[in-house]
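Reader: I should be grateful for a close look at one part of this protein, set in the context of the chain around it. Please proceed residue by residue where that is helpful.

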Amino acid sequence: GGLTMLAGGMKKMAGMRRGERMLRIFALSSSEKLSSGQNSECLIHRSFRSSITGRSSVVAKGALANLPHCTIQEATKRRFHLAINPILGARFMSGGGGKPHGGTLINRMLQSESEKSAILGKVNVAAMELNERQACDVELICSGAFSPLEGFMNQDTWQHVLDNMRLPGSNVLFGLPVVLDTDREDLKQGAVVPLSFNGSTLAVLEVDSAWVPNKALECKKSYGFTTLEHPGVRMISMERKHRYVGGKIHGLAYPKRYYPVVTPQQLRTKLPVDKDIVAFQCRNPIHRAHYELFMRSLDAPNVRPGSVVLVHPTCGPTQEDDIDGITRYKTYEVLKKEISEPRVHWAYLPYSMHMAGPREAIQHMILRKNYGCTHFIVGRDMAGCKSSLTSEDFYGVYDAQDMAKKHAGELEMQVVPSLDILYTAEKGYITVDEAKKLDLKPLKLSGTEFRKRLRAGEDIPEWFAFKSVVEVLRESAK
């Protein structure tokens with residue numbers, strides 16, 4: 001139902017505890033209009049973190065101005081949401097965004113040569129060579145992208161995250177376990193093992209837990225399924241070794257990659273501190289519809305005017321039939337040059353996809369929160385996948401969005417649901433609702449047809465894909 005206007009709310013400002021920052025909008029009943037002139041009538045609770053910023057940022061006023069003549073019913077249809085989190089007042093503290101997940105941005109990289117020599121002096125077993133997925137996890141732990149983790153999860157933490165989607169003790173939300181698999185019997189409690197990748201030692205792990213996991217349980221809890229038709233289940237059951245080890249890691253070096261990687265702290269220094277930062281996650285080449293989605297996110301009612309988008313693709317391993325990471329990176333680079341849009345920032349994430357649907361949406365939000373983002377675009381069937389036998393979807397279209405919305409307040413991030421858009425010859429890209437209202441028929445090109453034309457060298461319409469991206473894909477297919 002409609003929300004009720006609470007009169008006299010401004011008087012309560014004086015009674016609020018200094019250091020808090022709360023901004024809530026209680027709008028008019030659903031039958032009345034919102035206008036920019038009524039902004040001051042809305043109840044606004046706020047007290048300024050003057051010791052930190054010395055200023056206020058009335059997010060709601062700008063957002064309401066974007067909807068000058070909109071009923072609550074209309075706003076609800078557009079998923080209008082203005083529940084601004086208390087942490088917005090603290091987002092100026094660390095640059096680029098709010099405080100990291102768990103309160104502190106972890107940095108497990110050793111800085112001095114004496115520190116590195118000391119931990120290497122404790123090594124008591126032979127080095128373990130990492131695969132690409134494991135190297136991604138080591139990098140994300142060391143850089144703080146997986147904050148508040150300081151190492152690979154031990155058995156108790158692994159079990160607690162599976163059962164509760166939370167870390168034990170702190171009760172901090174965490175979407176999926178982060179574990180290190182091995183077939184080595186000598187990696188047991190007390191082992192101190194170097195972790196190497198492509199011949200370079202990345203870190204040293206102090207093992208405090210080793211166990212044989214119940215992988216069927218892990219798959220059921222993480223993905224909701226145990227069938228091998230699910231790519232995540234295949235990864236856990238067929239790619240991972242039969243034992244897991246956990247413990248703190250001490251970083252020595254980052255992997256050398258074909259794409260540039262910045263740490264969360266480095267990215268925070270590059271992102272603006274006085275704007276909303278909307279994260280766009282993708283694991284495939286970006287086509288026209290994706291571009292429309294993340295550019296239109298800047299006009300979402302819960303995003304302040306003048307804000308920016310961070311396009312943050314995952315370049316680590318994904319599912320078997322996805323385009324390889326090097327080719328994906330090349331498509332992003334040519335597109336970045338083609339669009340040359342100052343409101344769009346780019347960075348690359350060395351993350352290994354699970355295709356876990358709703359729980360992975362939470363994992364992505366945590367990652368982007370640590371990188372300094374304030375908002376996160378959740379697409380239709382985000383991190384979803386299809387059965388390798390029937391091609392049926394494992395997750396519902398809005399399952400990930402529902403999970404993200406449920407935990408957005410706790411994560412202190414705002415969700416921007418992706419619009420349902422299509423392309424028409426008459427109006428270009430418009431929403432499905434607009435197309436129905438105007439009785440316009442969409443132009444369609446299926447993924448199967450796109451790949452067929454790509455291989456055959458046939459024409460691909462520019463309303464579907466960027467020319468520069470198509471050229472890279474065709475070159476890669478040769």
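Which residues does H230 touch, not counting residues up to four places away in sequence?

Author: The model is a predicted one, and the remarks below should be read accordingly. H230 touches Y223, F225, H354, M355, C385, F394 and Y395, when residues up to four places away in sequence are not counted. H230 is placed in the loop between α6 (215-223) and α7 (231-239). Despite this position in a loop, H230 counts as buried because its relative accessibility is 0%, and the cut-off for that class is under 20% relative accessible area.

The setting of H230 is a protein chain with 15 helices and 18 strands. Of the 478 residues of the chain, 55% count as buried. Among the contacts in the chain with a separation of 6 or more, 74% are between residues 24 or more positions apart. The accessible surface of the chain comes to about 21600 Å², and carbon and sulfur atoms account for 50% of that surface.

A second buried region may be followed from V344, which lies in strand β14 (residues 344-346). V344 has a relative accessible area of 7% and is therefore classed as buried. Once neighbours within four places in sequence are left aside, V344 is in contact with F294, M295, V309 and V311. V344 and L310 are 34 residues apart in sequence, yet their C-alpha atoms are 6.0 Å apart in space.

Two of the contacts of V344, F294 and M295, lead to helix α9 (residues 288-296), in which Y291, L293, F294 and M295 are buried. The buried residues of α9 pack against the strands β12 (277-280), β13 (308-311), β14, β15 (375-378) and β17 (421-424), and also against helix α10 (325-339).

From β17, which is among the packing partners of α9, one may turn to T431 in strand β18 (residues 428-431). T431 is buried, with a relative accessible area of 18%; this value falls within the buried class because the cut-off is under 20%. Apart from residues up to four places away in sequence, T431 touches D420 and I421.

D420 also takes part in a salt bridge: its side chain meets that of R380 at 3.5 Å, N to O. Since R380 lies in the loop between β15 and α12 (399-411), and D420 in the loop between β16 (414-417) and β17, the pair ties together parts that are 40 residues apart in sequence. R380 is partly exposed, with a relative accessible area of 40%, and D420 is likewise partly exposed, at 34%.

The count of salt bridges comes to 18. One of them joins the side chains of K248 and E150, at 3.1 Å from N to O. This pair links distant parts of the chain, as K248 is in strand β11 (residues 243-251) and E150 is in the loop between α4 (132-143) and β6 (151-152), 98 residues apart. K248 counts as partly exposed at 43% relative accessibility, and E150 is partly exposed with a relative accessible area of 29%.

A salt bridge within one helix is formed by R453 and E449, whose closest N and O atoms are 3.0 Å apart. R453 and E449 are separated by about one helical turn because they stand four residues apart in helix α14. R453 is partly exposed at 23% relative accessibility, as is E449 at 26%. Elsewhere, salt bridges that share partners join E132, E139 and R257 into one network.

The surface also carries charge outside such pairs. E338, E458, D459, E462 and E471 form a negative surface patch. One of these residues, E462, lies in the loop between α14 (447-456) and α15 (467-477). E462 counts as partly exposed because its relative accessibility is 47%.

To return to the part requested, H230 is a loop residue that is nevertheless buried at 0% relative accessibility, whereas E462 is a loop residue that is partly exposed at 47%. The residues touched by H230 include Y223 and F225, as well as H354, M355 and C385.

Terms used:
Residues numbered from 1 in each chain as written. Predicted model: local features only at pLDDT ≥ 70, side-chain atom pairs only at ≥ 80, totals over all residues. Heavy atoms only, no water. Patch = residues over 30% accessible without salt bridge, like charges linked within 9 Å, V, L, I, M, F, W, Y side chains within 5 Å. Areas by Shrake-Rupley, 256 points an atom, 1.4 Å probe, with all protein chains shown as cover. Salt bridge = Lys/Arg side-chain N within 4 Å of Asp/Glu carboxyl O. Lys, Arg positive; Asp, Glu negative; His and termini not counted. Charge placed at Lys NZ, Arg CZ, Asp CG, Glu CD. Buried < 20%, exposed > 50% of the residue type's maximum accessible area, 1.4 Å probe, protein only. Contact = heavy atoms within 4.5 Å.
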